[in-house]
Amino acid sequence: MKHVLSAPQFSKEELFEILNRAKEMEKIIESGASDLAKGKILATLFYEPSTRTRLSFETAMHRLGGSVITVSDTKSSSVSKGETIEDTIKVISGYADVIAMRSSEIGYAERASKVSRVSILNAGDGAGEHPTQALLDLFTISKYFKLDEEPIHVVFVGDLKYGRTVHSLERVLRNFKNVKISYVAPKSLQIPESHRHPEDETYTELTDEILKSADVLYDTRVQEERFSDRDEYLRLRDIFILTKEKVQKMKDRAILLHPLPRVNEIHPDVDALPQAKYFEQARNGVPVRMALIARGLGI
Ligand code: NCD
């Protein structure tokens with residue numbers, strides 16, 4: 001089985017293999033579809049809302065010629081009757097050949113992998129990790145910068161405490177030489193210590209200087225669903241808003257990424273700027289997830 005559970009599981013060699021496989025998958029998408037996964041079934045099990053992640057997994061499986069079964073609303077499944085994740089996975093892994101799952105709790109994908117008969121792809125576990133997103137983020141970065149060769153300054157902005165995509169991408173990026181990481185967040189949403197290396201820089205303000213020095217600016221949504229105090233959420237929600245004026249200060253070659261959905265943090269005027277790559281980033285989810293499904297199926 002080839003699970004995808006957590007970003008640090010990947011070596012640099014394996015990351016490059018996945019990026020190369022994703023490039024091959026792009027060619028399949030251009031040509032329409034393939035029958036690589038004919039007769040195979042992907043189950044998508046999402047205990048938290050999702051648009052892009054679930055649909056791109058399902059699109060990926062269709063493009064590979066396989067089929068999809070799904071539980072999108074856990075209220076209509078046995079989970080709402082109190083079934084454990086272990087029992088659910090034991091059953092679903094008897095139906096499907098690979099499972100993509102999202103939970104609101106940290107560590108559920110790991111628990112699932114312990115009892116599953118098939119590969120588990122972690123599509124986000126609470127405020128923990130989102131490794132498949134990190135791989136599509138890396139794929140997007142690799143289209144604009146030569147990984148392991150040129151210096152890349154990656155600046156993470158927003159909710160770095162709860163933003164699981166940041167947690168996974170940070171860990172994936174550590175594999176490559178010449179990557180410098182900076183974190184910009186209000187104090188209460190700063191990156192957890194476990195994701196901070198001594199050489200990283202942390203800031204509480206998004207200054208012009210940071211905007212000008214970023215090669216990759218990775219913005220994130222303040223994760224409303226993780227707050228117990230609503231006033232605190234409302235106070236922090238609009239703390240950094242990227243406007244056209246701000247993004248125009250970035251280098252011409254720099255890229256602005258965001259895992260989406262955005263709420264207020266990037267003004268729609270920014271979308272027309274050359275740095276704005278977040279919709280392209282979302283599209284890259286399909287070839288990367290095709291590569292991960294194929295890997296999970298052993299094909
Ligand atoms: C992210 C997530 O679910 O963690 N979305 C996604 O998968 N593209 C980011 C978010 O919800 O803010």
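# Exercises on a predicted model

Ser11 is found in the segment before H1. The model is predicted, and the exercises below start from this residue.

## Exercise 1. Ser11

Classify Ser11 by its accessibility, then place it relative to Ile141.

Solution.
- Step 1. The relative accessibility of Ser11 is 31%. Buried requires under 20% and exposed over 50%. Ser11 therefore counts as partly exposed.
- Step 2. Ser11 and Ile141 are 130 residues apart along the chain. Their C-alpha atoms are separated by 18 Å.

## Exercise 2. Helix H1

Check the length of H1 against expectation. Then find its buried side, its partners and what follows it.

Solution.
- Step 1. H1 covers residues 12-31, which is 20 residues. At 1.5 Å a residue, the span should be 28 Å. The end C-alpha atoms are 29 Å apart, so the two values agree.
- Step 2. The buried residues of H1 are Glu14, Leu15, Ile18, Leu19, Ala22, Met25 and Ile28. Around the axis they cover an arc of only 160°, so they lie on the same side of H1.
- Step 3. Turn to the face away from that buried side. It carries the exposed residues Glu13, Glu17, Lys27, Glu30 and Ser31.
- Step 4. Four helices receive the buried residues of H1: H2 (52-63), H5 (131-144), H6 (164-173) and H11 (285-297).
- Step 5. After H1 comes Gly32, with a positive phi near 115°.

## Exercise 3. Helix H2

Repeat the analysis for H2: span, buried residues, cover and the glycine that follows.

Solution.
- Step 1. H2 has 12 residues. From first C-alpha to last it reaches 16 Å, close to the 16 Å expected at 1.5 Å a residue.
- Step 2. Thr53, Arg54, Ser56, Phe57, Glu58, Ala60 and Met61 are buried in H2.
- Step 3. Their cover includes strands S1, S2 (67-71), S3 (98-103) and S4 (119-125). Helices H5 and H11 also contribute to it.
- Step 4. One buried residue of H2, Phe57, has a charged neighbour: Arg289 lies over the face of its ring, at 4.9 Å from the ring centre.
- Step 5. Gly65 follows H2, and its phi is positive, near 85°.

## Exercise 4. Aromatic rings

How many aromatic pairs does a search of the whole structure find? Describe the pair of Tyr47 and Tyr108, and say which parts it ties together.

Solution.
- Step 1. The search finds seven aromatic pairs.
- Step 2. The ring centres of Tyr47 and Tyr108 are 6.5 Å apart, and their planes stand at 80°. Planes over 60 degrees apart count as edge-to-face. The pair is therefore edge-to-face.
- Step 3. Tyr47 lies in the loop between S1 (41-46) and H2, and Tyr108 lies in H4 (residues 108-115). The pair therefore ties together parts that are 61 residues apart in sequence.
- Step 4. Tyr47 has 18% relative accessibility, so it counts as buried.
- Step 5. Tyr108 has a further partner. The charged end of Arg111 sits over its ring, 4.9 Å from the centre.
- Step 6. Elsewhere, Phe156, Tyr183 and Tyr218 form one aromatic cluster.

## Exercise 5. Nonpolar cores

Which residues have the most contacts inside the largest nonpolar core? Which helix gives the most to it?

Solution.
- Step 1. The largest core has 53 residues. Leu138, Ile141, Phe156, Leu173, Val216 and Ile293 have the most contacts inside it.
- Step 2. H11 gives the most to this core, with eight residues.
- Step 3. Another core, of 20 residues, lies apart from the largest one. Its members include Val184, Ile210, Leu242 and Tyr278.
- Step 4. Take Val216 as a case. Leaving out residues up to four places away in sequence, Val216 touches Ile141, Phe145, Ile152, His153, Val154, Val155, Ile255 and Leu257.

## Exercise 6. Backbone exceptions

Where do Asp148 and Leu260 lie, and are they buried or exposed? Identify the cis peptide bond too.

Solution.
- Step 1. Asp148 is not a glycine, yet its phi is positive, about 75°. Its place is the loop between H5 and S5 (152-157). At 15% relative accessibility, Asp148 counts as buried.
- Step 2. Leu260 is not a glycine either, and its phi is positive, about 65°. It lies in the loop between S9 and H10. With 11% relative accessibility, Leu260 counts as buried.
- Step 3. The bond between Leu260 and Pro261 is cis, with omega about 5°. Pro261 lies in the loop between S9 (255-257) and H10 (278-283).

How values were computed: Residues numbered from 1 in each chain as written. Predicted model: local features only at pLDDT ≥ 70, side-chain atom pairs only at ≥ 80, totals over all residues. Heavy atoms only, no water. Helix = DSSP H or I, 4+ residues; strand = E, 2+ residues; numbered from the N terminus. Expected span 1.5 Å × (residues − 1). Buried < 20%, exposed > 50% of the residue type's maximum accessible area, 1.4 Å probe, protein only. Arc of directions from axis to C-beta. Contact = heavy atoms within 4.5 Å. Phe/Tyr/Trp six-rings, centres within 6.5 Å; stacked < 30°, edge-to-face > 60°. Lys NZ or Arg CZ within 6 Å of the ring centre and 35° of its normal. Core = buried A, V, L, I, M, F, W, Y, C linked by side-chain atoms within 4.5 Å.
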